[in-house]
Amino acid sequence: MKRYDAIVVGGGHNGLVAAAYLARAGLATLVLERREIVGGAAVSEEPWPGWTVSTAAYVCSLLDPRIVADLDLRSHGYAAYRKEPSSFTPLLDGRSLLLGADAESNAREIGVFDGRDVTGYVRFEREATQLGATLAVAFDSETPASIDDDAIVKFEGSAAELVERFVHAPVLAATLATDGIIGTYAGPRDPGTGYVLAHHYAGRALGEQGVWGYVRGGMGALSNTIASAARAAGAEIRTEAPVARIAVRNGRACGVALDDGTEFEAAAVLSNAHPFTTFRTLLEPGNLPPAIERRLSAWRSEGVSLKLNLALGELPNFTARPGTAPAPHHRATIHVAPSIDYLQEAHDEARRGGVSSEPMLECFMQTPTDPGLAPPGKHLLSIFAQYYPYARRDAPWDETTRAAAADSIVATLARYAPNVPAAIEARQVLAPPDLESRFGLCGGHIFHGELLPGQILDQRFPTETGIEGLYLCGSGASPGGCVTGLPGMRAARASLAPLTF
């Protein structure tokens, strides 16, 4: 039986980060990935010849700059660039809102709707950025961070409350509030979404607090650079190597067994899998500490996000900003979010047992700035839609309901860009059950569980599981979801201490 110092279960971006740090410290490290490619949900795939699709995760902001520097990711090909403009929200009455880095342009765009919001938007951005910076400091701390009471109140409140303190125009308020509901089974007026909004302002990967961007070549290019750094440091990465069991002997994790019966020993096992998979599937009953049992029983992990990837023969022609020639608004995140009330009703309708008939859409097109992702003259439109619950009660998820959801999403977008349906050459539909089966996201939840109070910061699952030698390095651990790399870095550091001293 082959022995390693450390084995990482799952080759998602966090698992790869953990492996790179461990290998750089001189430990014999093995990564075991179930799929044929590494990256977890941060992958680039080719569902149609000539098209490179960021299948699940699609933009970058929260990747910790220390990881980029420590692992020298740029030397392995990592390149990220700012998404500019940042957002575009069309309306059915022909008006639209385009926001970006230029203050004068933002003032003109916002002033069309409500002159008071010109300064209100600046004040909101200052507040949200400060809350994001507070979280960034907390993320950097490997012990529970001290956060002032004012910030905690805002985290426990709703995204709508946070936004509406500063702005009045419904379209501007909704555009800003979308950051509070992404990937979350809650509406913008529901408690705790203030934290989700702040979490999305915590990133510094583009050199500025809260700014979002793209990875050149798609999100899989990021995972591949981390894997390259890990291999260069000596880590071994095996794909198509599904782990069936984490072995525990005398209360200590001591290795793993694969589906085919192959066994490996290790002094430390780091699991990049969802907490449900790690503790309920890979561990034999009787090994769980009571604290982990309690947290599992209370953990909320029902996903509501559907990912729709569309191959387009031409760019969307928005009624509010006509034309299919590349324009600034095509480079922005495109929202179908006319008001906070619209977003709340989308959530409430799903809570009543079905799916949203008028969904929130967050759309993006990287091809205007990274044309090599599609054949010449073609464009890739990816849509993140809510709310489509994993456990919908009106009908089961099957081919018919998936197609109906995709058709509804396309029809919703077509109200703003009528040429989209005819421009579609191919489509890929990933409902929450597909996100679960394809990427191991239990319940289809993109963050390995809600990022709401009770499941944030040190309320996530602990990196050190209470089973000696077993560490959690996925998004279920602190500080939580999005492509940060921090759970991987933390788990590597925690496991290194007993192995190197």
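Leaving aside neighbours within four places in sequence, which residues is His-347 in contact with? Select His-347 together with Tyr-185, Ala-186, Gly-187, Asp-190, Ser-356 and Tyr-387: these are its contacts, where contact means heavy atoms within 4.5 Å. His-347 lies in helix 13 (residues 340–351). At 5% relative accessibility, His-347 counts as buried; the cut-offs are under 20% relative accessible area for buried, over 50% for exposed and partly exposed in between, with a 1.4 Å probe and protein chains only.

This is a predicted model, in which local features need pLDDT of at least 70, side-chain atom pairs count only at pLDDT 80 or more, and totals for chains, interfaces and linings use all residues. Residues are numbered from 1 along each chain as its sequence is written, and side-chain values use heavy atoms, with hydrogens and water left out.

**Whole chain**

Zoom out and colour by secondary structure. The protein chain has 17 helices and 18 strands; helices (H or I, at least four residues) and strands (E, at least two) are DSSP runs, numbered from the N terminus. The radius of gyration is 22 Å and the globule rule gives 23 Å for 501 residues, so the protein chain is as compact as a globular protein of that length. That radius is taken over C-alpha atoms, and the rule is 2.2 Å times the number of residues to the power 0.38. Along the principal axes, the C-alpha atoms fill a box of roughly 65 × 55 × 50 Å.

Of the 501 residues, 61% count as buried. Among contacts between residues at least 6 apart in sequence, 72% join residues at least 24 apart. Switch to a surface view: the protein chain exposes about 18,100 Å², and carbon and sulfur atoms supply 50% of that area. Accessible areas come from the Shrake-Rupley method with a 1.4 Å probe; for residues, only the protein chains shown count as cover.

**Helix 10 and its surroundings**

Select residues 275–282, which form helix 10. Pro-275, Phe-276, Thr-278, Phe-279 and Leu-282 are buried there. Now add what these buried residues pack against: strand 1 (2–9), strand 10 (243–249), strand 12 (263–271), helix 11 (290–298) and strand 18 (470–472).

Centre on Leu-282, in helix 10. Leu-282 is buried, with a relative accessible area of 5%. Not counting residues up to four places away in sequence, Leu-282 touches Val-9, Val-243, Ala-244, Arg-245, Ile-246 and Thr-277. A distance label from Leu-282 to Gly-255, 27 residues apart along the chain, should read 11 Å between C-alpha atoms.

Move to Leu-470, in strand 18. Leu-470 is buried, with a relative accessible area of 1%. Beyond its neighbours within four places in sequence, Leu-470 has contacts that include Ile-246, Val-269 and Phe-279. Also in contact with Leu-470 are Ala-253, Leu-283, Thr-463, Glu-464 and Thr-465. Leu-470 and Ser-495 are 25 residues apart in sequence, and their C-alpha atoms are 8.3 Å apart.

**Strands 1 and 2, then helix 7**

Return to strand 1, which pairs with strand 2 in the parallel sense over 4 bridges; two strands pair if DSSP finds at least two bridges between them. Val-9 stands opposite Leu-32 in strand 2. Both faces of strand 2 (residues 29–32) are covered, with Thr-29 and Val-31 buried on one side and Leu-30 and Leu-32 buried on the other.

Next, select helix 7 (residues 170–177), where 7 of the 8 residues are buried. They are Val-171, Leu-172, Ala-173, Ala-174, Thr-175, Leu-176 and Ala-177.

**Backbone stops**

Most residues other than glycine have a negative phi, and most peptide bonds are trans. The next stops depart from that pattern.

- Gln-386 to Tyr-387: this peptide bond is cis, with omega near 20°. Tyr-387 is in the loop between strand 16 (379–386) and helix 14 (399–414).
- Ser-478 to Pro-479: this peptide bond is cis, with omega near 5°. Pro-479 is in the loop between strand 18 and helix 17 (486–500).
- Cys-482: phi is near 80°, a positive value in a residue other than glycine. Cys-482 is in the loop between strand 18 and helix 17, and at 13% relative accessibility Cys-482 counts as buried.
- Leu-457: phi is near 50°, a positive value. Leu-457 is in the loop between helix 16 (432–439) and strand 18, and is buried, with a relative accessible area of 13%.
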